[in-house]
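Me: Please take a close look at a single part of this model and describe how it is built and what surrounds it.

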Amino acid sequence: MGLGVRAAPFTYVAHALAIAAAVMVLVWAIHFRGGLAIEATDKNLIFNVHPVLMLIGYVIIGSEAIMVYKVFPTLKHDTAKLIHLILHGIALVLGAVGIYFAFKNHNESGIANLYSLHSWLGIGTITLYGIQWIFGFVTFFFPGAAPNLRRSLLPWHILFGLFVYILALANAELGFLEKLTFLESSGLDKYGTEAFLVNFTALVVVLFGASVVVAAVAPARLEEPQGYAPIPEN
């Protein structure tokens, strides 16, 4: 891509930030919000599953799928492609489950669904994510398009994938903002520990996403070996 930097340092930063973000959202959900539950009389515990799955399951695992080619640049192409496909599939499933828990919380609490920009973007983003996954599976995995067609479609697959990923990041930020606004309007101290934790978690997610995007567009090596092609001839 002509960036003049290798992807590896950005993958290291991304992994460190991913661990930080995962720990922070778990501390928020478990320590400050009371824990996680599939069924509970306190419906907030059901909702708490939503941000945990959306961040760790959807955003972070999806990010690992994006970076797999740069984290393991010497891995056999077909192996890396399979890992990429599986991780994105896991992220898609966990994201769908995370959305389910938001609906479950709303339905059991008598709260309206799909009234906010966050919810609209959430449904739209995971729908695009699913379309992208199906397109990638059919085109690059099974049954697979002809090599020439795959080579011509690969840049569009990458571009659309990064577009959906950035949408997911933006919507995660909207989610943090929306939930914190609701909490603060209900009496949460705007300058308290929990408010700072949520805001700093959102900042870490921004930095994490930026690191992933740079890692995705930067080359694994500054000079690719002669004859290298992301889509094999056969």
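**One helix and its aromatic residues**

Reply: Phe137 and Phe141 sit four residues apart, about one turn, in helix α5 (helices being DSSP runs of H or I, at least four residues, numbered from the N terminus). The model is predicted, so local features need pLDDT of at least 70 and side-chain atom pairs 80 or more, whereas totals for chains, interfaces and linings use all residues. Numbering starts from 1 along each chain as its sequence is written, and side-chain values use heavy atoms, without hydrogens or water.

α5 has 25 residues, which at 1.5 Å a residue should span 36 Å (1.5 Å times one less than the number of residues). Its end C-alpha atoms lie 34 Å apart, in agreement with that value.

Eight aromatic pairs are found in the whole structure (Phe, Tyr and six-membered Trp rings, centres within 6.5 Å; stacked under 30 degrees, edge-to-face over 60, otherwise tilted). Away from α5, Trp28 and Phe176 form a tilted pair, with centres 6.1 Å apart and planes at 45°. The rings of Phe137 and Phe141 are also tilted, because their planes stand at 45°, with centres 5.4 Å apart. Together with Trp133, Phe137 and Phe141 make up one aromatic cluster.

Phe137 is partly exposed at 25% relative accessibility (buried is under 20%, exposed over 50%, partly exposed in between; 1.4 Å probe, protein chains only). Phe141, at 37%, is likewise partly exposed. The buried residues of α5 include His118, Ile126, Tyr129, Gln132 and Phe140. Among the elements covering the buried residues of α5 are α3, α4 and α6 (contact: heavy atoms within 4.5 Å).

Methods. Helices (H or I, at least four residues) and strands (E, at least two) are DSSP runs, numbered from the N terminus.
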